[in-house]
Amino acid sequence: MEKGIRKKLLFIVMFFSILGSAYGCGAVQKQNGDQSDNQNEKNTIDAVYNGEDLVIDGIEGSITDIIAQYGRVGIVTGEWMDSAFTKRKIHFYVMNPDQSDVQEIPLTIPENESLVKYTFDKAGNLIYIVNSQDTDNYAGKLIKVDVNGQELLEAPLHFDEKVICSLLIDEDENVILAQPETISVFDKNFQYVETLEGDKDKDGIDSVAFEKNGHVVCSQRYYDGEKAFLFVREIGENPVKWEATYEIPIKDTLLDDNIVMNGWGEYDFCYQDTDGIYGYITRKKKSVKLLDYTASNMTELHTQKLMLLKDGEWIGMVYDEAADPKVAVYHKVDPEVIANRKTVVVGVFGIEEDTRKAVVQFNREHPEYQIEIRDYLEADDPVLQMNTEIIAGKSPDILDVSYISLDQYIGKGLLENLTPYMERDQEISMRDLIPSVSETIAENHNIYFVAPSFNLYSLAARKEEVGEKEGWTLEEMKDVLKKKDKAVNVFYWNSKMDILYTLLEMNVSDFVDWSTGKCYFDGEEFKELLLLVDQMGTDGVSEQSEELSAESDAIQDGAVLFWEGRVDLAQFYMNRRTFGEDVTYIGYPNEDREGSYFQFRHPFAIYSKSKEKEAAWEFVRIFMTKEYQGKMDLYGNSMPTRQDCFDLMVEANLATEAYTNEMGQDVIPGELWSMYSLIYNDTLNEKNPLTKKDADELITLVGKTKRCVSYEDALMDIIQEEAELYFAGEKGLEDTVRIIENRAETYVNENR
């Protein structure tokens, strides 16, 4: 999916790969891995929990961390000691799992030292690590105190690497200390015993935990192709060495230092994945979902510090954007309660945090219902899997139509007309949307999906090259290219197949009429497209530099003529830096000269045969509300579809002073630009280079955009297969377009 668009996402992927090293343990490398069949992937009634915020009396300061081990719960708080917020006191409290007997363990931590990691031993003593902030290498101390703060033992620590990922004390009082590349073991007297090297081909070591038999396991994460795995190894004793190894398919490599968790019951150990907590049975090599995040109304604000409190009960931090963090305990919900709820199934191609928050909101507001997420991104062919289930009568009630052919689905009558629902809704209206967005979403005055946000794709060039046109045809593009040296590349990605996708992916639906089954790939426009691509493209695969500024450098040097891809405020500024002040967003060529496209993010539709249409509407309408869109990331990869929220985003990204907007979001000057500024080192210190001119140009471009991307992957595959033969000289133009036309019409008429 997104074969052409994904090329332009390379910058973002490269940017975040740079950020990965800043997180220390277990850096993120990729996203959206598949998960094997040995995992219990479904939302089940046995994996639903209810969270209860704890009211902990007698503590000072704001909670910053928790730890649970050997039947003791530790709570770390920070208390500001002056009005200027320069001096902070760290408190450490301990209590029983039932929240009784809360007491403070007095710790004396000098100002030049920081509390790093901490845990309990079986006797209830606190073992913790502090490190000096005055040295480049790790100069710390390992300290044991009793519940009264009386020091029992202390030893210096010296490591080349400062990051400590995890700390554990086994039943024999041995200390297991995890760093990104090593596991260090000390005896009960804090005397060094052994160091074990992590697997250098995997991500860094992120956490250690107890198996139910008392042995210690540690985890690393890695990718094998497109599949993500958790690499778990058991640490043996006498001598200390690596023993059993388990490689577990997971959905994603999480950005978290608490992945592997203590075992209990029949589960040798547990671990976190993006969708919940799993128990692993080593003799069966089987994972069982124990806690489903979405079904338990948990977002990422609830899942960052989860750990086992006691068998089948979990404790964790709850973060709040507007208040201090809390501690919550999660108890399993009676399966009979869940079984009596009606289910609304939402089919998605990957679930983002904003969508998860909408699920939680719906579940809390409609206790008689339970949203179930069905994530097709885990399938080998996500779109095929969704289509297969629809044909089999197992369609979700709500469909994410991001990557499907809208014309095909509408033509088949698969999507509910949402116009009547919208008209009788007292709080939301299509008039709330940006006018051009509203016009684009409407299909013959009917609405078949709603979307909370969009990306905008266009093609840019110097005004001196293309003039001030608001769109152009292939013939007009050809006229421009005739005047250029053949050594100049049209796009940075300049192989023939890449150019074909660039020019065709957005508007391949122009050549198809799903209502009649007629295709137009044998017409003059499509022939001209193939001829043009053959003339201006190169054979083979496009060469890609890993330098972030490679494309802009090539355009500045005159080696590349056009820029194409996703547009936002920062990109407007980047393009002015690249092309000069006079830039024309002329768009991709087509007969209607409407070459800029919306790509709607998570557009949701209701299946026309759903038995829960009213409940489904109550869910999808959430994405149209100001409350939802107004709290989306102001500096994210997409823009709100509501006019008022779009205006808030523009205002925030032009800010030169910090403020809090009407939705309670903190506005940080230059935040959007800060990512892009890695390319232009001379502007790194600018507060915010984005200007009203950039905003006005973006607003104008959004206002004149009238089309949205409609994915036709099957048709694109047909075109690719036949075009490759044409570009290789194995078939003539007439034969090529005739075969494409015949194959396309056959496919369309078989799938109408």
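Q: Which residues does Val 437 touch, not counting residues up to four places away in sequence?
A: In this predicted model, Val 437 sits in helix 8, which covers residues 435-441. Leaving out residues up to four places away in sequence, the residues that Val 437 touches are Phe 454, Phe 598, Phe 600 and Thr 641.

Q: Is Val 437 buried or exposed?
A: The relative accessibility of Val 437 is 0%. A residue is called buried under 20% relative accessible area. Val 437 therefore counts as buried.

Q: What distance separates the C-alpha atoms of Val 437 and Tyr 330?
A: Along the chain, Val 437 and Tyr 330 are 107 residues apart. In space, their C-alpha atoms are separated by 42 Å.

Q: Which helix gives the largest share of the largest nonpolar core?
A: The largest nonpolar core has 138 residues, and those with the most contacts inside it include Phe 454, Phe 521 and Phe 619. The largest share of this core is 7 residues, and they come from helix 20 (residues 713-727).

Q: How many residues are in the second, separate core?
A: This core includes Tyr 267, Val 288, Met 298 and Leu 306. Its residue count is 18.

Q: Which glutamate is in contact with Phe 521, leaving aside neighbours within four places in sequence?
A: Phe 521 is among the residues with the most contacts inside the largest nonpolar core. Its contacts beyond those neighbours include Val 508, Phe 511, Phe 526 and Ile 719. Also in contact with Phe 521 is Glu 741.

Q: Is Ser 509 buried or exposed?
A: Ser 509 lies in the loop between helix 11 (496-504) and strand 29 (512-513). Not counting residues up to four places away in sequence, Ser 509 touches Asp 407, Ser 710 and Glu 712. The cut-off for burial is under 20% relative accessible area. Ser 509 has 15%, so this loop residue is buried.

Q: What radius of gyration does the chain have?
A: The C-alpha atoms fill a box of roughly 85 × 60 × 55 Å along the principal axes. For 752 residues, a compact globule would have a radius of gyration near 27 Å. The chain agrees with this, because its own value is 29 Å.

Q: How far apart do the centres of the positive and negative side chains lie?
A: The chain has 76 positive and 141 negative side chains. The centres of the two sets are separated by 3 Å.

Definitions and conventions
Residues numbered from 1 in each chain as written. Predicted model: local features only at pLDDT ≥ 70, side-chain atom pairs only at ≥ 80, totals over all residues. Heavy atoms only, no water. Core = buried A, V, L, I, M, F, W, Y, C linked by side-chain atoms within 4.5 Å. Buried < 20%, exposed > 50% of the residue type's maximum accessible area, 1.4 Å probe, protein only. Helix = DSSP H or I, 4+ residues; strand = E, 2+ residues; numbered from the N terminus. Contact = heavy atoms within 4.5 Å. Rg over C-alpha atoms; globule rule 2.2 N^0.38 Å. Lys, Arg positive; Asp, Glu negative; His and termini not counted. Charge placed at Lys NZ, Arg CZ, Asp CG, Glu CD.
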